Amino acid sequence: MKSFASLLAAARGLEPADLVFKGGRVLNVFTGEFEDTDLAVKDGWIVGLGRYSGHEVVDVSGRLVVPGFIDPHFHLESTRLCPGEVAKIVVPRGTTAIVADPHEIANVLGLRGIFYLLELTAGLPLDVFFMAPSCVPATCLETSGAVLSAQDLKPLLDEPRVLGLAEVMNFPGAVNGVREVTDKIELFSSRPLDGHAPLLSGPDLCAYLVLGIRTEHECTSLAEAGEKLARGMRIFIREGSQAQNLADLLPLITDHNFRRAAFCTDDRHPEDLINQGHLDHVLRRAVSLGLEPIRALTMATLNPAEAFGLERRGALAPGRRADLAVLKSVDSFEVEKVYKIGRLVALNGELTETIATVSIPDWAGPMNLAPLNEENLKIKAAGAKIRVIEIIPGQLLTGHLILETPIQDGFLAADPQRDLARLVVVERHHRTGNIGHGLVKGFGLHRGAIASSVAHDSHNIVAAGMNEADILLAVKAVEKMRGGLAAAADGQVLAELALPLAGLMSPEPAGHVVSAAGKLTEAARRLGSNFADPFMVLSFLALPVIPKLKLTDLGLVDVERFEFVPLFIP
């Protein structure tokens with residue numbers, strides 16, 4: 001804070017405030033009601049509620065004044081946009097703070113990538129906090145671009161915007177006391193520790209919580225969320241582009257426990273942010289499903305602030321930062337104005353400030369593939385039965401099927417009649433030549449291929465297709481762009497989007513990225529896939545910390561057993 005004397009004088013009404021909001025109804029998240037009161041701001045801080053005079057008066061008659069929204073678990077990289085472009089979209093929708101996990105960029109660029117994101121987010125009209133990534137690599141079951149030990153993470157302890165340790169995805173390692181996992185937990189033991197333990201239950205859950213982990217955003221069922229909440233975890237109900245758990249988990253919320261829950265979006269693509277919204281969209285949906293509006297707003301403001309010790313945020317009360325949104329109603333959650341530290345930063349859906357464009361340095365876009373050809377992408381059929389990854393729509397969870405092997409000329413083949421596509425993961429960090437081979441059911445492809453350098457969490461190149469020639473063409477297109485997304489068929493690249501920042505993010509305006517992504521989705525639909533975002537579905541098929549079956553550059557992973565399993569069954 002600045003001068004206490006000035007703040008105290010304004011709070012006591014002895015001198016005018018800088019800014020006074022008059023005529024509206026101000027949300028009190030502590031009492032659970034709207035108050036008909038003025039709200040006074042001085043030097044960017046809320047100094048009083050009651051009756052005040054100010055140098056500037058903002059008439060909010062007929063409007064609701066609420067705290068700025070806070071997303072407690074968000075991946076900047078999943079937006080495919082640089083942070084300034086993200087701010088342009090989410091701030092006018094009422095979001096004033098996010099807590100980001102940078103493990104995606106860290107798995108490609110290491111600590112240098114994290115510091116680059118810290119640099120890109122400095123000075124934005126959006127508070128971007130970070131959690132130090134706990135899993136770089138996420139597991140020993142894949143090849144990442146970097147390895148970060150507890151020793152490597154120590155410099156992040158001195159960064160004021162690094163709040164704690166990000167999602168501990170290697171929950172088997174945590175539960176079994178693997179030193180490389182527990183060393184990081186110990187390093188951040190006095191700070192917030194984020195969880196990531198899908199389906200973990202019983203004694204193993206208790207062991208996980210003994211380490212001090214206190215949040216969870218991976219719950220997919222009411223029973224799972226109920227058990228974890230009962231054992232002391234804060235539940236972040238996720239409603240992202242791919243994983244949408246709100247409808248299933250909202251019945252968890254009661255009068256007694258709602259202060260232990262919050263909303264998060266986790267992975268959200270730009271077209272969804274633009275067309276549907278950010279937390280404003282989640283609030284609309286939650287209320288439409290029956291959640292009381294003030295309770296919903298509390299879960300989007302005070303609850304996430306308290307989860308991370310952000311005591312000056314999340315509420316409109318004296319001594320809190322003047323981060324707030326002016327809403328037209330709690331039916332639409334339409335945001336009219338947004339103030340950040342008492343400064344108007346968004347009006348009627350548009351940012352009022354200019355954000356500088358970004359030029360990506362060459363070091364930030366590594367793409368190091370070993371020589372690749374069609375023969376590399378073939379694999380001899382070595383069994384009558386084969387393990388198959390089954391896509392479960394709307395979930396990051398996948399099924400583990402055992403089916404008859406589709407064979408052509410002695411090699412594993414796609415089978416459009418059974419909706420089986422070839423799946424490969426090509427290592428792109430160290431020129432190892434590693435290629436993981438598999439099959440995926442449920443993509444809907446009947447020809448062509450799609451490929452992406454966004455492949456959680458190590459971000460090798462993942463591709464699904466119906467023949468090796470088109471898979472190769474799509475992968476080569478991604479390589480040429482220094483990272484990105486591509487669709488190909490019949491010897492032609494149909495659509496592409498360059499993501500030169502770590503193969504994950506574009507420096508282009510959001511409109512350009514959304515337009516290119518739309519063309520990619522349309523191309524994928526012409527190839528047979530009907531997913532709203534087929535590339536996001538594809539990106540999670542390489543994530544070996546979400547059950548049940550996933551593929552990495554090192555092979556097929558049974559996530560529940562946390563080990564490699566043979567592709568073919570004799």
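The backbone oxygen of Gly195 sits 3.5 Å from a polar atom in the side chain of His217. I will start from that histidine. Please keep in mind that this is a predicted model.

Where is His217? His217 is in the loop between β13 (215–216) and α9 (222–230). Its relative accessible area is 1%, so His217 counts as buried. Besides the backbone of Gly195, the side chain of His217 has a polar contact with the side chain of His73, at 3.3 Å. Leaving out residues up to four places away in sequence, His217 touches His73, Glu167, Gly195, His196, Phe236, Arg238, Cys264 and Asp266.

Glu167 is on that list of contacts, and Glu167 takes us to the cavities, as one of the residues closest to the centre of the largest cavity.

How many cavities of 30 Å³ or more does the search find? Over the whole structure, the search finds 7. The general idea is that a probe the size of a water molecule is rolled over the atoms, which shows where empty space is left.

The largest cavity has a volume of about 90 Å³. It is lined by 17 residues, and the closest to its centre are His75, Glu167, Asp267, Phe540 and Leu543. Sorted by class, this lining has 7 charged, 6 polar and 4 nonpolar residues.

The second largest cavity holds about 70 Å³ of space. Its lining is Pro67, Gly68, Ile70, Thr96, Ala97, Asp127, Arg312, Arg313, Gly314, Ala315, Arg321 and Asp323. By class, that lining has 5 charged, 4 nonpolar and 3 polar residues.

Some of those names come up again in the salt bridges. Asp127, Arg313, Arg321 and Asp323 line the second largest cavity, and these four, together with Lys340, are linked in a network of salt bridges.

That brings me to salt bridges in general. The structure holds 34 of them. I will go through three pairs.

In the first pair, Asp38 forms a salt bridge with Lys22, and the closest N and O atoms are 2.6 Å apart. Asp38 belongs to strand β4 (residues 38–42) and Lys22 to strand β1 (residues 17–22), so the bridge ties together parts that are 16 residues apart in sequence. Buried or partly exposed? Asp38 is buried, at a relative accessible area of 4%, whereas Lys22 is partly exposed, at 27% relative accessibility.

In the next pair, the side chains of Glu336 and Arg63 meet in a salt bridge, with 3.1 Å from N to O. This pair links distant parts of the chain: Glu336 is in strand β17 (residues 335–340), and Arg63 is in the loop between β6 (54–59) and β7 (64–67), 273 residues apart. Glu336 has 16% relative accessibility and so counts as buried. Arg63, at 24% relative accessibility, counts as partly exposed.

In the last pair, the side chains of Asp280 and Arg93 meet in a salt bridge, at 2.8 Å from N to O. Which parts of the chain does this pair link? Asp280 is in helix α12 (residues 279–288), and Arg93 is in the loop between α2 (83–90) and β9 (95–100), with their positions 187 residues apart in the sense that they are 187 residues apart. Asp280 is buried, with a relative accessible area of 2%.

That is what I have on His217, the cavities and the salt bridges.

Note on methods. Residues numbered from 1 in each chain as written. Predicted model: local features only at pLDDT ≥ 70, side-chain atom pairs only at ≥ 80, totals over all residues. Heavy atoms only, no water. Helix = DSSP H or I, 4+ residues; strand = E, 2+ residues; numbered from the N terminus. Buried < 20%, exposed > 50% of the residue type's maximum accessible area, 1.4 Å probe, protein only. 1 Å grid on protein atoms, 1.4 Å probe; cavity = no way out; pocket = protein on both sides within 12 Å on 5 of 7 lines; lining within 4 Å. Points joined across faces, edges and corners; volume = space filled by probe spheres on them. Nonpolar A, V, L, I, M, F, W, Y, C, P; charged D, E, K, R; others polar. Polar contact = N/O pair within 3.5 Å; in protein donor to acceptor, adjacent residues only side chain to side chain. Contact = heavy atoms within 4.5 Å.
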